[in-house]
Structures are given as structure tokens and as C-alpha cells.
Amino acid sequence: GSQTAVAVLIQPTDASAADAKGAVIDWAATFALNRLTWGAAVTTLAHKTTALAQLKALGIRTLNQA
């Protein structure tokens, strides 16, 4: 299957053993890029670039922070 970024979790959520509920932002938000924690499947710059483009299409943007 394919993975598509559709939201940003706003709290740690452990779904390793089973599906889990968690609070998300799924539209019109801006996050500091350096504050995002990526999932285990996001291992390359290409993965991150793709995920960020998918989120941007939903109105979720990131800012570069020093």
C-alpha cells in the first residue's frame, strides 16, 4: 500500500500494537519544520518533501525555524 500524509498528530500516539485514536490537525495550520517528528517510514529527504507537499495541498504549511 501507499502512505499519504493527511494530518499532523498533535500528541504522541502509540499505534504499534493496534489502531489508536489521537488528536490531529488536518487543515489550515502552520508548523515549525524543526518541531515535527517524522514516523519510522519517513527515512529520506524525498519522503519528507513528498509528505510536506501532501500536507501543503490540505492547507498545512511549515516554516523553517533556526
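**Exercise 1. Asp26**

Determine whether Asp26 is buried, partly exposed or exposed, and state which residues Asp26 touches beyond its sequence neighbours.

Solution. The model is a predicted one.
- Step 1: Asp26 has a relative accessible area of 41%.
- Step 2: Buried means under 20% and exposed means over 50%, with partly exposed in between; Asp26 is therefore partly exposed.
- Step 3: Asp26 sits in the loop between strand 2 and strand 3.
- Step 4: Leaving aside residues up to four places away in sequence, Asp26 is in contact with Val6, Ala7, Leu58 and Ile60.
- Step 5: For Ile60, the separation in sequence is 34 residues, whereas the C-alpha atoms of Asp26 and Ile60 are 7.2 Å apart in space.

**Exercise 2. The order of elements**

State how many helices and strands the chain has, and give the pattern in which they follow along the sequence.

Solution.
- Step 1: The count gives one helix and four strands.
- Step 2: Reading along the sequence yields β-β-β-α-β.
- Step 3: Strand 1 covers residues 8–9, strand 2 covers 24–25 and strand 3 covers 29–32, while helix 1 covers residues 45–57.

**Exercise 3. The span of helix 1**

Find the span expected for helix 1 and compare it with the distance between its end C-alpha atoms.

Solution.
- Step 1: Helix 1 holds 13 residues.
- Step 2: The expected span is 1.5 Å times one less than the number of residues, so helix 1 should span 18 Å.
- Step 3: The end C-alpha atoms of helix 1 are 18 Å apart, in agreement with the expected value.
- Step 4: Just after helix 1 comes Gly59, with a positive phi of about 95°.

**Exercise 4. Ala28 and its phi**

Decide whether the phi of Ala28 is positive or negative, and whether Ala28 is buried or exposed.

Solution.
- Step 1: Most residues other than glycine have a negative phi.
- Step 2: Ala28, a residue other than glycine, has a positive phi near 40°.
- Step 3: Ala28 lies in the loop between strand 2 and strand 3.
- Step 4: The relative accessible area of Ala28 is 53%, so Ala28 is exposed.

**Exercise 5. The largest pocket**

Describe the volume of the largest pocket, its lining residues and the classes to which they belong.

Solution.
- Step 1: The largest pocket holds about 960 Å³ of space.
- Step 2: Its lining consists of 28 residues; nearest the centre are Ala7, Thr37, Trp38, Gly39 and Val42.
- Step 3: Sorted by class, the lining comprises 16 nonpolar, ten polar and two charged residues.
- Step 4: Both strand 1 and helix 1 contribute at least two residues to this lining.
- Step 5: The greatest contribution comes from helix 1, with five residues.

**Exercise 6. Three further loop residues**

For Ala18, Ala20 and Asn34, state the loop in which each is found, and give a distance in space for each.

Solution.
- Step 1: Ala18 is in the loop between strand 1 and strand 2. With a relative accessible area of 47%, Ala18 is partly exposed. Its C-alpha atom is separated by 20 Å from that of Val42, which is 24 residues away along the chain.
- Step 2: Ala20 also belongs to the loop between strand 1 and strand 2, and is partly exposed at 41% relative accessibility. Not counting residues up to four places away in sequence, Ala20 touches Thr13, Asp14 and Ala15. From Ala20 to Leu63 the C-alpha distance is 29 Å, across 43 residues of sequence.
- Step 3: Asn34 lies in the loop between strand 3 and helix 1, and is partly exposed at 46%. Asn34 and Leu63 are 29 residues apart in sequence and 8.4 Å apart from C-alpha to C-alpha.

**Exercise 7. The chain as a whole**

Compare the radius of gyration of the chain with that of a compact globule, and give the share of buried residues.

Solution.
- Step 1: For 66 residues, a compact globule would have a radius of gyration near 11 Å.
- Step 2: The chain has 12 Å, which agrees.
- Step 3: Along its principal axes, the C-alpha trace spans about 35 × 25 × 25 Å.
- Step 4: Buried residues account for 11% of the 66 residues.
- Step 5: Of the contacts between residues at least 6 apart in sequence, 57% join residues at least 24 apart.

Definitions and conventions: Residues numbered from 1 in each chain as written. Predicted model: local features only at pLDDT ≥ 70, side-chain atom pairs only at ≥ 80, totals over all residues. Heavy atoms only, no water. 1 Å grid on protein atoms, 1.4 Å probe; cavity = no way out; pocket = protein on both sides within 12 Å on 5 of 7 lines; lining within 4 Å. Points joined across faces, edges and corners; volume = space filled by probe spheres on them. Nonpolar A, V, L, I, M, F, W, Y, C, P; charged D, E, K, R; others polar. Buried < 20%, exposed > 50% of the residue type's maximum accessible area, 1.4 Å probe, protein only. Rg over C-alpha atoms; globule rule 2.2 N^0.38 Å. Contact = heavy atoms within 4.5 Å.
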